[in-house]
Structures are given as structure tokens and as C-alpha cells.
Amino acid sequence: TKKDFVTHNFKSDLILIQEKDTLFKKQVTKSDFNPVLYSALKQYATLQSPFLELRNDSIFIHYSISIPVTDVGIAATIKFDKNGGFKVEDK
């Protein structure tokens, strides 16, 4: 589009609770994915379509990180261990 548009920096809040104890809290933002994003995505893209997957002792959240009204973007995943440590991967 040649018209100006506004993108919003969406986020996800992850809280892992076991019984009554909070094991960890993490707010996932686009900046967490900076190691796998190129400059246009860092500047204009938004986190979209989160999909949660539980596997063994890990939590995976898969995202589309793309620029609205375009086909420009990547699939990326953030993987959490049970202690709150995380790793970002692109697909």
C-alpha cells in the first residue's frame, strides 16, 4: 500500500504455575526474536498467530512474524524450559 499504516507491537504473556507456585513469568515481544530478524522485520513486523505446543519438559510458542499487508515475514519459535530459560529459533 502507498498509504501510511500503523503496526502494533503485540506481545504474549506466559505464566507457568505448578499447584499454587509461580515457576516463571515471561512477556514475549518481537524484540526477543531480534537474533533471527532482519532489519525490515525489526522495524515493521508484528507477532501474529501464536500457537502453543507442549513437548516433554518444554513449552514452544510458534509465531508468524510478518509485515502487515505484505507477504514479507518468517516463522519463528521461542522454546522455554521448565525453569524459564528460553531459546529463539527460526524455521
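## A buried aromatic pair

In this predicted model, F24 has a relative accessibility of 8%. F24 counts as buried because this value falls under 20%. F80 is buried as well, with a relative accessible area of 0%.

The model holds 3 aromatic pairs. In one of them, F24 and F80 are stacked, with ring centres 5.8 Å apart and an angle of 25° between the planes. This pair links distant parts of the chain, since F24 belongs to strand β2 and F80 to strand β5, 56 residues apart. Ring pairs also bring in F86, and F24, F80 and F86 are thereby linked into a cluster.

## An edge-to-face pair

How are the rings of F33 and Y63 arranged, stacked or edge-to-face? The two rings form an edge-to-face pair, with 5.6 Å from centre to centre and 75° between the planes. F33 lies in the loop between β2 and α1 (39-44), whereas Y63 lies in strand β4, so the pair ties together parts of the chain that are 30 residues apart in sequence. Both F33 and Y63 are buried.

A ring can also have a charged residue over its face. Here R55 lies over the face of F60, at 4.0 Å from the ring centre.

## The nonpolar core

In soluble globular proteins, nonpolar side chains tend to be buried together. The largest nonpolar core of this model has 18 residues. Within this core, V28, F33, I61, Y63, I65, I78 and F80 touch the most other members. Strands β2 (21-28), β4 and β5 each supply at least two residues of the core. Which strand gives the most to this core? That strand is β4, with 4 residues.

I65 offers a closer view of the contacts. Leaving aside residues up to four places away in sequence, I65 touches F33, L37, L41, A45, T46, L47, G73, I74 and A76.

## The four-stranded sheet

An open sheet is formed by 4 strands in the order β3-β4-β5-β6, and their pairing is antiparallel. Strands β3 (46-55) and β6 (86-90) stand at the edges and have a single partner strand each, so one side of each is left without a neighbour in the sheet. On average, neighbouring strands of this sheet are turned by 20° against each other, with direction ignored.

Within the sheet, strand β4 (residues 58-66) and strand β5 (residues 73-80) run antiparallel and are joined by 8 bridges. One residue of this pairing is S66, whose bridge partner in β5 is G73. In a regular strand the side chains alternate between the two faces of the sheet.

## The hairpin of β1 and β2

Strand β1 (residues 12-18) and β2 also run antiparallel, and 7 bridges join them. S12 has V28 as its bridge partner in β2. V28 also appears among the core residues that touch the most other members.

The hairpin of β1 and β2 has 2 residues between the strands. In this hairpin, E19 takes a positive phi near 55°.

## Exposed loop residues

Most residues other than glycine have a negative phi. N56 has a positive phi of about 55° although it is not a glycine. N56 is placed in the loop between β3 and β4. What is the relative accessibility of N56, and is the residue buried or exposed? Its relative accessibility is 81%, so N56 counts as exposed. V69 is likewise not a glycine, and its phi is positive, at about 60°. V69 is found in the loop between β4 and β5 and counts as exposed because its relative accessibility is 65%.

D57 is found in the loop between β3 and β4. With a relative accessibility of 54%, D57 counts as exposed. Which residues does D57 touch, not counting those up to four places away in sequence? D57 touches F80, D81 and K82. The C-alpha atoms of D57 and K82 are separated by 6.1 Å, while the two residues are 25 residues apart along the chain. Through its contact with F80, the exposed residue D57 touches a residue that is itself buried.

Conventions. Residues are numbered from 1 along each chain as its sequence is written. This is a predicted model: local features need pLDDT of at least 70, side-chain atom pairs count only at pLDDT 80 or more; totals for chains, interfaces and linings use all residues. Side-chain values use heavy atoms; hydrogens and water are left out. Two strands pair if DSSP finds at least two bridges between them. Axes are lines fitted to C-alpha atoms, for helices over the stretch in contact, and angles run from 0 to 180 degrees between N-to-C directions. A nonpolar core is a set of buried Ala, Val, Leu, Ile, Met, Phe, Trp, Tyr and Cys residues joined through side-chain atoms within 4.5 Å. Buried means under 20% relative accessible area, exposed over 50%, partly exposed in between (1.4 Å probe, protein chains only). Contact means heavy atoms within 4.5 Å. Rings of Phe, Tyr and Trp (its six-membered ring) pair if their centres lie within 6.5 Å; planes under 30 degrees apart count as stacked, over 60 as edge-to-face and the rest as tilted. A charge sits over a ring if NZ of Lys or CZ of Arg is within 6 Å of the ring centre and within 35 degrees of the ring normal.
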